[in-house]
Amino acid sequence: MALSADLPVPGSLPAPTPRPARDPDRPLLDALFLGPYGENDTLLEKLVVEFLRDHVYWRRNFHPEDPPAIPTHAAQQPEYQAFEARLRRELHQLSASLKKSVPFHSPRYIGHMASDLLLPGLAAQMLTLPYNPNNVSEDAAPVTIDLEVQVGLQLARMLGYPSDPAQPQCAFGHLTSGGTVANYQALRLALALKAFPVALRAAGVPDIELPGDDWSAFNAGPDAGTELLVKWQDWLAAQSPRDRRRWREAVQAERIEHLGMVGFFARHQDLRVPKVLAPITAHYSWSKGLKLLGLGRDQLELLPERGMRLDAEALEETLQRCGRERQPVLMAVAVLGTTEYGTVDPVDAVVDARARALERGLGFSVHVDGAWGGYLATLFRNPDGSLRGLCEVREDYARFPLPEVHAAFAALGRTDSVTVDPHKLGYLPYGAGAFICRDHRATALLSEAADYVFREGPVDPDPARNYLTRYRQLGQFVPEGSKSGAAAAAVYVTHKVLPLDHENFGRLPRQTVLAAEALHEATLGLARELDGVARVAVPFAPDSNLVCLAINPAGNADLSVANAFVRRIHDELRSDPRQPLQLKEFFGSMTTLRPEAVGDVEMARILGAIGLDPDTLDPDGGNDNDRLVILRHTLMNPYLVDHANGISYIDMYLAYLGRRIRSLLLVPAA
Ligand SMILES: *Cc1c(COP(=O)(O)O)cnc(C)c1O
């Protein structure tokens, strides 16, 4: 164990401080990761060797009568040996250079959204890799494709979506390469649902009751869109094979997926290209998504926030305006754990606003971008799937969750789709994002193979089996093609070992929220300690496990001076491949606060708290002086507070920060 100089050396350890009653999670947490010190190396090594051997036996048992294709003496050939030498050299070089990697596993890493990997996922992924399943379809992944569909159901249950595939309106989820692509999928599905009723009208489908005009068809809302889709499928199934083909082609020809934006809106001149409403804190994947879909970045309308959360009143006003101007809305996005500040948007207010807008004839989808905060839903879920009450959740913490945060999580089940990143707060290897939609029937609109999906041929009488069969052609529905079955195995096994409720997986995010509360609390001590040297403040209380810190040298009122100072501190906290890793004491990240995002009043409050003059904000200033630079800490590591060893990396970090601030300001240590 690396001890810092001011800690007692082993042998002279004081009696261990008794573990506080609040640490019953620790025995489980101790088993979950390889560990900052590689403590659980024996466990991982045993698993890797055991299952590598198991894989080899599997190969041998396929057709044991086949003689080995590679002769036993192959390894004695000079060329073989030269190859092995080259391979080893390159691997050694790779391994050596990877030592410059960012030490995500360390409790000294509190920078970006990365941490150690959960052993169940790491082991399952390594175990699966040599089988190399491709989750594009069951032909290439007879096992892992089912695991991916199950992962979708596990996440659906965590979110409060219907998760019984025997029910017709069950949710559906799948993995993506990350949250960015999951957000694209949300846009794609919302657009398909929005435009489908218009296509039905344009094709002149008889016998189905359709909205009276294009405007009401385009704005019927996702639930009505899904109902129409199901009615249409049933109607189609009742037609003769010839009529069925004719009608299917007629509707297909009117769909936005067929015509493209240009063709579709040229045919429906009374309709405008719909807007996506998202908070100004939204991740840049939304901008990318609108460009990719051909909607155009101009259709992304960013809404202001209040107290670092989406301003529900601004949303309401925008929706009123859209209704008046006959401006359709594709989707409203609520962020569950913003990338920059970890704040939680009022999902409940967004679904309420949607219900009111729908009554006025302005329907649209509600998507939750929970790439970061999705797994925090485990804190609010009982093992039986029911929701935990606010008071019950609160018992574990000093102030988490605020009632508005609890209300946001409680409302997840009323949204249409959610993005969750297993490779962020799921502590799994990269290449694992997830998209989940509440009603799986809508996905028929995403399918490439209309033939299959539009219910022809025999249908299994067991609905759950039917559901599985349908999604075994996963490539038909997802944005990607070939995709990792090993990633699906990793997520599945993790969710099985650690079910997505507060008693199991939830113990992990609980540690991170407690760490955030500890950091928040400890900054007050740092602020006192630095009195007369620098002003330190947490600009807004954290909603979850991200804590930001604003700093300003004492006596300074000029924003540009404070920004330059915080940038210098951040330079020491960020990864620098030119330096030996060990020189780095801690890793942190930074972000900025802009008046147009935070609002002028809130901005003035934050600047005032650290003694800055709001007039020194320069709206058209270069060098980022139109915003405040702040430190940002993502608290993912579960070992930040080590009660057994009496070590708090949080206290150590703040002590370090205090030393750096004094030293940069040439103030002698206190
Ligand atoms: C990280 C993040 C994304 C993007 O996810 P990737 O996995 O990096 O593609 C989207 N939205 C939010 C809120 C995020 O935090």
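**View 1. Strand 8 and its two neighbours in a predicted model.** Gly-370 lies opposite Val-420 of strand 8. This is a predicted model, in which local features need pLDDT of at least 70 and side-chain atom pairs count only at pLDDT 80 or more, while totals for chains, interfaces and linings use all residues. Residues are numbered from 1 along each chain as its sequence is written, and side-chain values use heavy atoms, with hydrogens and water left out. Strand 7 (residues 365–370) and strand 8 run parallel and are joined by 4 bridges. Strand 8 is also joined by 4 bridges to strand 9 (residues 433–437), and these two run antiparallel. Cys-437 in strand 9 is the bridge partner of Ser-417. Strands (E, at least two residues) and helices (H or I, at least four) are DSSP runs, numbered from the N terminus.

**View 2. Side chains of strand 8.** From strand 8 (residues 417–420), Ser-417 and Thr-419 point one way, whereas Val-418 and Val-420 point the other way. All of them are buried, that is, under 20% relative accessible area with a 1.4 Å probe, protein chains only.

**View 3. The open sheet and helix 11.** The sheet has 7 strands in the order 1-9-8-7-6-2-3, with mixed pairing; two strands pair if DSSP finds at least two bridges between them. Strand 1 (172–176) and strand 3 (300–303) are the edge strands, each pairing on one side only. From one strand to the next, the twist averages 20°. Helix 11 (residues 285–293) packs on the sheet and touches strand 2 (275–279), strand 3, strand 6 (329–335) and strand 7, contact meaning heavy atoms within 4.5 Å. The direction of helix 11 makes about 160° with that of strand 3; angles run from 0 to 180 degrees between N-to-C directions, and axes are lines fitted to C-alpha atoms, for helices over the stretch in contact.

**View 4. Packing of helix 5 and helix 18.** Helix 5 (residues 144–159) packs with helix 18 (residues 485–497) at an angle of about 45°, their axes 8 Å apart. Helix 5 is therefore oblique to helix 18, the class left when angles under 35 degrees (roughly parallel), over 145 (roughly antiparallel) and 65 to 115 (roughly perpendicular) are set aside. Residues making the contact include Leu-147 and Val-151 of helix 5 and Ala-488 and Tyr-492 of helix 18.

Notes:
Buried < 20%, exposed > 50% of the residue type's maximum accessible area, 1.4 Å probe, protein only.
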